[in-house]
Amino acid sequence: MREKRAVTWSAQQYVQFEDERTRPARDLLAALPAIDARTAIDIGCGPGNSTGLLAARFSAAAVSGLDSSADMIAAARKRLPGLRFDIADIGGWVYENDTAFDVILANAVLHWLPDHAKLFPALVAKLAPGGALAVQMPDNLDEPTHRLMREIAAEGPWAAKLDAAAAAAARPPMPTANRYYEILSGAGCRADIWRTTYYHALSGGAGAVVEWFKGSGLRPFIAPLNDGEREDFLARYRSAVARAYPAQTDGCVLLPLPRLFIVAVH
């Protein structure tokens, strides 16, 4: 699902919090204008949760999905056997495939790819006239959850091992909303941009926060570690998260997760 380097993504881990992960895709699709879509694609489709929403929103369209993870694609095919799902790297798909689509959905994936000044116009170029690009990206690199990942990676006995690995897999900083507007208006689009912070109430305390990010942001950090190192890394991270996000009186932890939304109509 996530592009950048060879990291193993687990559909089972990802869908532990499926309701919470799916809500932004639902909100994004609800913001799309009326489009007589004949073709729609979900890039970085993961286990198909967002693809199902896309198919429901555009029931008359030929809907497909692609993802770089074989495990995610297997889960998506099992969930939605009537749709087409392909294993493909998004970068290659964007720059090598010239098929036009009425709707391109990119839910929680493009933040892993670099050079958005080039990427977004390339995606727009794959839209049919009147088509829409719908993007949602976590905007949480400066949140304690991610700052703590980087600190623990740099300060632990695995620092040398993770230095190159984490750098290779690191998410690039996202442009500002103003910059996205410039990029998309320059590509001939009408752009609607907004930012929302979701506060997910997770039962299970700091351990639930760890489980959440084991399905996403933690994976590039823990993938290069052996079993013992991984256990130690996660224990340190869990302790740090517990201090940063104290439990509520009912035992839940409120996880703030800001996300940037973009709808660009060509």
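The exercises below work through burial, contacts, cores and helix packing in a predicted model.

Residues are numbered from 1 along each chain as its sequence is written, and side-chain values use heavy atoms, leaving out hydrogens and water. Because the model is predicted, local features need pLDDT of at least 70 and side-chain atom pairs count only at pLDDT 80 or more, while totals for chains, interfaces and linings use all residues.

**Exercise 1.** Place Ala25 in the fold, and state whether Ala25 is buried or exposed.

Solution. Ala25 belongs to helix H2, residues 18–30. Helices (H or I, at least four residues) and strands (E, at least two) are DSSP runs, numbered from the N terminus. The relative accessibility of Ala25 is 0%, so Ala25 is buried; buried means under 20% relative accessible area, exposed over 50%, and partly exposed in between, with a 1.4 Å probe and protein chains only. Beyond its neighbours within four places in sequence, Ala25 is in contact with Ser50, Leu53 and Asn107, where contact means heavy atoms within 4.5 Å. Ser50 is 25 residues from Ala25 in sequence, and their C-alpha atoms are 6.1 Å apart.

**Exercise 2.** Locate Ser69 and find which backbone nitrogen lies 3.3 Å from a polar atom of its side chain.

Solution. Ser69 sits in the loop between strand E2 (62–67) and helix H4 (70–79). Ser69 counts as buried because its relative accessibility is 7%. The nitrogen belongs to the backbone of Asp71.

**Exercise 3.** Describe the largest nonpolar core.

Solution. A nonpolar core is a set of buried Ala, Val, Leu, Ile, Met, Phe, Trp, Tyr and Cys residues joined through side-chain atoms within 4.5 Å. This core has 30 residues, of which Ile43, Leu110 and Phe120 touch the most other members. Elements supplying at least two residues each include strand E1 (39–43), helix H6 (116–124) and helix H9 (177–186). H6 gives the largest share, five residues. Leaving out residues up to four places away in sequence, Leu110 touches Ile43, His116, Leu119, Phe120, Leu123, Val135 and Met137. A second, separate core has 27 residues, among them Val209, Phe213, Phe221 and Val241.

**Exercise 4.** Describe how H6 and H9 pack.

Solution. The axes, lines fitted to C-alpha atoms over the stretch in contact, are 9 Å apart and at an angle of about 45 degrees; such angles run from 0 to 180 degrees between N-to-C directions. The two helices are therefore oblique: angles under 35 degrees count as roughly parallel, over 145 as roughly antiparallel, 65 to 115 as roughly perpendicular and the rest as oblique. Residues making the contact include Phe120 and Pro121 of H6 and Tyr180 and Ile183 of H9.

Notes:
A polar contact is a pair of N or O atoms within 3.5 Å; within protein, one must be able to donate a hydrogen and the other to accept it, and residues adjacent in sequence count only if both atoms are side-chain atoms.
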